[in-house]
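Work through these exercises with the model open. Try each task before you read its solution.

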Amino acid sequence: MAESARMVDIHVMGKHYQVPEGLTIMTALEYCGYRLIRGCGCRAGFCGACATIYNFKNDHQLRYDLACQKTVEQDMYLVQIPFFPAAKAFYSLEEIEATGEQVLSLYPDLVKCFGCNTCTKTCPQKLEVMWYMSDALRGDIRQVSAKSFDCVMCGLCAARCPQGLVPYNVALLCRRLYGRYLAPVSRHLEDRIAEIEAGRFDDDLEKLKKMDVRELRRLYAGREIEPAN
Ligand code: SF4
Ligand code: SF4
Ligand code: FES
């Protein structure tokens, strides 16, 4: 880090630190000496492990974000929520049906949603959480799947719901039901799976397993990429 980097003041769980500007919250925590065992996963905005709540010295409104994506700001007061104890229904996907009644029977507390929209305001992925909860209540599994597709399971919506609901687990159920029972069958995918099962790629896979990382990277960089349109 260049010595000329501008430093910003942050507070982690009440303790003051100065860190170089431009760091993500996650790298700033490490700069301060924290060893991240929980609350840290992909470091790329996909796994949802790094939910963070913060506000500012003279602005106490709570904000929500992913520590690996959000950069530090002057006078930020932050804390991480690496785990949130949330209710999760147990089911076997093979033994349930893709119906609204089924969703409601597994998550009967859905009816307690009173549309406050706190979950939507909390979501770092900017998802319409309240609306997908409303779709779940109406039994529209396809809409829940579409609206929640980018959910990273960070848990922040459940942490803030005044009714104790767990939107992300309801959405996960609906995405599973949609994928298993409602999504159109992909002929292309089925053909490819049949080819794999018939052993068409066995030799290629063996070759890949013997390559070192440099060779794999070169192969990956030179791969054929489908045109955007
Ligand atoms: S925060 Fe809870 S009660 Fe409010 S809209 Fe979201 S799910 Fe419903
Ligand atoms: S819907 Fe909930 S769990 Fe999913 S990304 Fe948004 S806040 Fe996180
Ligand atoms: S570490 Fe995976 S989303 Fe931040």
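The exercises below concern a predicted model.

**Exercise 1.** State how many helices and strands the protein chain has, and judge its overall dimensions against a compact globule.

*Solution.* Start with secondary structure. The protein chain holds ten helices and five strands. Next, take the radius of gyration. For 229 residues, a compact globule would come out near 17 Å, while the protein chain has 22 Å. Then check the extents. The C-alpha trace spans about 60 × 55 × 35 Å along its principal axes.

**Exercise 2.** Find what share of the protein chain is buried, and what its exposed surface is made of.

*Solution.* Apply the burial cut-off, under 20% relative accessible area. Of the 229 residues, 34% are buried. Now turn to the surface. About 14,700 Å² is exposed, and carbon and sulfur atoms supply 52% of that area. Finish with contacts. Among those with a separation of 6 or more, 56% join residues 24 or more positions apart.

**Exercise 3.** Identify the buried residues of helix H7 and the helices they pack against.

*Solution.* Locate H7 at residues 167-182. Its buried residues run without a break from Pro167 through Tyr168, Asn169, Val170, Ala171, Leu172, Leu173 and Cys174 to Arg175, and Leu177 is buried as well. Now list the partners. These buried residues pack against H2 (100-106), H3 (118-122), H4 (129-138), H5 (141-147) and H6 (156-160).

**Exercise 4.** Which residues surround ligand 2, and how do they divide by class?

*Solution.* Collect the shell. It includes Cys123, Cys151, Cys154 and Cys157, along with Pro124, Gln125, Val129, Tyr132, Val152, Met153, Gly155 and Tyr168. Then sort by class. Ten are nonpolar, two are polar and none is charged. Tyr168 links two exercises: it belongs to this shell, and it is a buried residue of H7.

Conventions. Residues numbered from 1 in each chain as written. Chains lettered and ligands numbered in written order. Predicted model: local features only at pLDDT ≥ 70, side-chain atom pairs only at ≥ 80, totals over all residues. Heavy atoms only, no water. Near = heavy atom within 4 Å. Nonpolar A, V, L, I, M, F, W, Y, C, P; charged D, E, K, R; others polar. Helix = DSSP H or I, 4+ residues; strand = E, 2+ residues; numbered from the N terminus. Rg over C-alpha atoms; globule rule 2.2 N^0.38 Å. Buried < 20%, exposed > 50% of the residue type's maximum accessible area, 1.4 Å probe, protein only. Contact = heavy atoms within 4.5 Å. Areas by Shrake-Rupley, 256 points an atom, 1.4 Å probe, with all protein chains shown as cover.
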